[in-house]
Amino acid sequence: MTSVALGNFDGVHSGHRAVLQNAARFEQSVCLLFRTHPARVLGAPAFAAILSREANEAKILECGIGRCAYLDFEEIKDFSPEQFFEKILIGTLGADVICCGYNYSFGKDRRGNVALLRELCARHGKQLLVSEPVNYAGAPVSSSRIRACLQRGEVEQANAMLGYNFFYEGEVVSGKRLGRELGFPTLNQYLSKHLVQPRAGVYAASVRIGANTYRGLTNIGDNPTIGSDNFRSETYVFDFDKEVYGQTARIELLHFIRPEQTFESIGALRAQVLQDIERAKENV
């Protein structure tokens, strides 16, 4: 039997995984995604994704899904719910089982909902599995809640809803080497404008380089004391002194230590970084 998981799956949080794990129970499983988010196609205000497309797909496949299938929303945006069900879910994907969340909507103007999906499945002899909300702190987990937590620096709450540590990946680039002069050489990475930007500040972090994982201290922002015109990530990796320019590093944020701030001197900055390192080590 072939199952199809339906949803947005931005960040693949704990609520999403309930849907994906339902679908993964069957011999053939597919997660249906759009190449471009419908909101962008429809001209709605753009939102920043929690993970890159590659990282998001990897998280989906970790749930046991066989493959991801991508559609161009532009091509089906005017489909009625019935057309979407019959042409895409049945015709293109050959769905025997359809899996979605309690608040799933589909079709032109989002006219289709779970109640209609249940009717269509009954009419066509298909099975429907609907996942109930997964709650955190008294409310359903959602991608918008997670984005808001990250933007406020509430990374521990975001991680609890995600079910894993929020992370981003990027090439390590050359910086001004001022961190090295201070005694804290950093891995410098530019943050994608298309992904959610966590609150500017200092975090305890976990760092993955190749097959190895380290602990570290990450500053996200534009480094106002030294001066920078780029929002970036700078990570001091504990007990690590290798050159890794051009390699990809994965930074997982564990705990928010303090907001970004301006210091009166480089010496004051260095003294604060020493305190930040101690606090980061307490939270690893």
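**Salt bridges and a helix pair in the predicted model**

D78 is partly exposed, at a relative accessible area of 48%. The model is a predicted one. In it, D78 pairs with K77 in a salt bridge. The closest N and O atoms of K77 and D78 lie 3.5 Å apart. K77 is also partly exposed, at 24% relative accessibility. This value places K77 in the partly exposed class because buried means under 20%. The K77–D78 pair belongs to a wider set. A search of the whole structure returns 10 salt bridges.

Another of these bridges links E154 with R152. The closest N and O atoms of E154 and R152 are 3.0 Å apart. Both partners have intermediate accessibility. E154 has a relative accessible area of 27% and is partly exposed. R152 is likewise partly exposed, with a value of 43%. Neither residue counts as exposed, because that class requires over 50%.

R258 and D276 form a further salt bridge. Here the closest N and O atoms are separated by 2.8 Å. R258 belongs to strand β13 (residues 248–259), whereas D276 belongs to helix α10 (residues 266–282). The pair therefore ties together parts of the chain that are 18 residues apart in sequence. Both side chains fall under the 20% limit for burial. R258 is buried, at 10% relative accessibility. D276 is buried as well, at 1%. Elsewhere, salt bridges with shared partners connect K77, D78 and K108 into one network.

Helix packing was examined next. Two packed helices are described by the angle between their axes and the distance between the axes. Helix α5 spans residues 81–92, and helix α6 spans residues 114–124. The two pack at an angle of about 45°. Their axes are 11 Å apart. The angle lies outside the parallel, perpendicular and antiparallel ranges, so α5 and α6 are oblique to each other. Their crossing is right-handed. On the α5 side, the contact is made by P81, E82, F85 and E86. On the α6 side, L116, L117, L120, C121 and H124 take part. By class, the residues of this contact comprise six nonpolar, one polar and two charged. The charged residues are E82 and E86, both of α5. The polar residue is H124 of α6. The nonpolar residues include P81 and F85 of α5. On α6, L116, L117, L120 and C121 are nonpolar.

Technical notes. Residues numbered from 1 in each chain as written. Predicted model: local features only at pLDDT ≥ 70, side-chain atom pairs only at ≥ 80, totals over all residues. Heavy atoms only, no water. Axes fitted to C-alpha atoms, helices over the stretch in contact; angles between N-to-C directions. Helix = DSSP H or I, 4+ residues; strand = E, 2+ residues; numbered from the N terminus. Parallel < 35°, antiparallel > 145°, perpendicular 65-115°, else oblique. Left-handed = near helix turned anticlockwise from the far one by under 90°. Contact = heavy atoms within 4.5 Å. Salt bridge = Lys/Arg side-chain N within 4 Å of Asp/Glu carboxyl O. Buried < 20%, exposed > 50% of the residue type's maximum accessible area, 1.4 Å probe, protein only.
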